[in-house]
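Let's explore a protein model together, one question at a time. Have a look at the picture, and then we can reason our way through it.

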Amino acid sequence: KARRSKCQNNLKQLYYAISAYRDDHSEQYPSSLDDLHDEYLDDLEVFKCSSSANPVPAAPGGGDYELKTGLSPATKSTDALVEDKDGNHPDGVNVLRVGGQVVFQPNGEI
């Protein structure tokens, strides 16, 4: 549960970075997590899920999280924005919603 909580904190940090990006880019979402690196998030550890066996990525796009594409300013706040890549947690995935909520979805409820 501690690793799951750390992962959820990483997703919250991604939410703040995406919000800042949107403020600077006419409410448009980034096309990839790589768009956030350096200017909005300089710590690559944020892109690594603590439950994953993968090392800290060399670039955000190679990390343990997946940015959903095709989002617009009209996207519902309950839609997924970023989530764990498959296999980070054995019993489900953490999901960051457009509205900023981070929830854990157990396997079978996805």
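Q: Is E27 buried, partly exposed or exposed, going by its relative accessible area?
A: Keep in mind that this model is predicted. E27 has a relative accessibility of 35%. Buried means under 20% and exposed means over 50%, so a value in between has its own label. E27 therefore counts as partly exposed.

Q: Where is the place of E27?
A: Helix 1 covers residues 2-24, and strand 1 covers 65-67. E27 is in the loop between helix 1 and strand 1.

Q: What is the phi of E27, about?
A: Most residues other than glycine have a negative phi. E27 is not a glycine, and yet its phi is positive, at about 65°.

Q: Which side chain meets E27 in a salt bridge?
A: Side chains of opposite charge can pair when their charged atoms come close. For E27, the N to O distance in the pair is 3.1 Å, and a salt bridge needs these atoms within 4 Å. The partner is buried, with a relative accessible area of 15%. That partner is R22.

Q: How many salt bridges does the count come to?
A: The pair of R22 and E27 is one of them. K68 and E66 also meet in a salt bridge, at 3.8 Å from N to O. By this rule, the count comes to four.

Q: Which residue is linked with E66 and K68 in a network of salt bridges?
A: K68 is partly exposed, with a relative accessible area of 25%. E66 counts as partly exposed too, at 36% relative accessibility. The network of salt bridges links these two with E83.

Q: How many residues apart are D91 and R4, which form a salt bridge?
A: The closest N and O atoms of D91 and R4 are 2.9 Å apart. D91 is in the loop between strand 2 (80-84) and strand 3 (92-97), while R4 is in helix 1. The pair links distant parts of the chain, and the separation is 87 residues.

Q: What is the relative accessibility of R4?
A: Its partner D91 counts as partly exposed, at 36% relative accessibility. R4 counts as partly exposed as well, because its value is 21%.

Q: Is A17 buried or exposed?
A: A17 is found in helix 1. Its relative accessible area is 4%, and the cut-off for a buried residue is under 20%. A17 is therefore buried.

Q: Which residues is A17 in contact with, leaving aside its neighbours within four places in sequence?
A: Contact means heavy atoms within 4.5 Å. With the sequence neighbours left aside, the contacts of A17 are L36, Y40 and L41.

Q: How far apart in space are A17 and L67, C-alpha to C-alpha?
A: In sequence, A17 and L67 are 50 residues apart. In space, their C-alpha to C-alpha distance is 12 Å.

Q: What is the phi of D38, about?
A: D38 is found in the loop between helix 1 and strand 1. D38 counts as exposed, at 58% relative accessibility. Although D38 is not a glycine, its phi is positive, at about 80°.

Q: Which residues form the negative surface patch?
A: D38 is one of them. D42, another member, is in the loop between helix 1 and strand 1 and is exposed, with a relative accessible area of 62%. The patch is formed by D23, D24, D38, E39, D42, D43 and E45.

Notes: Residues numbered from 1 in each chain as written. Predicted model: local features only at pLDDT ≥ 70, side-chain atom pairs only at ≥ 80, totals over all residues. Heavy atoms only, no water. Patch = residues over 30% accessible without salt bridge, like charges linked within 9 Å, V, L, I, M, F, W, Y side chains within 5 Å. Areas by Shrake-Rupley, 256 points an atom, 1.4 Å probe, with all protein chains shown as cover. Lys, Arg positive; Asp, Glu negative; His and termini not counted. Charge placed at Lys NZ, Arg CZ, Asp CG, Glu CD. Helix = DSSP H or I, 4+ residues; strand = E, 2+ residues; numbered from the N terminus. Buried < 20%, exposed > 50% of the residue type's maximum accessible area, 1.4 Å probe, protein only.
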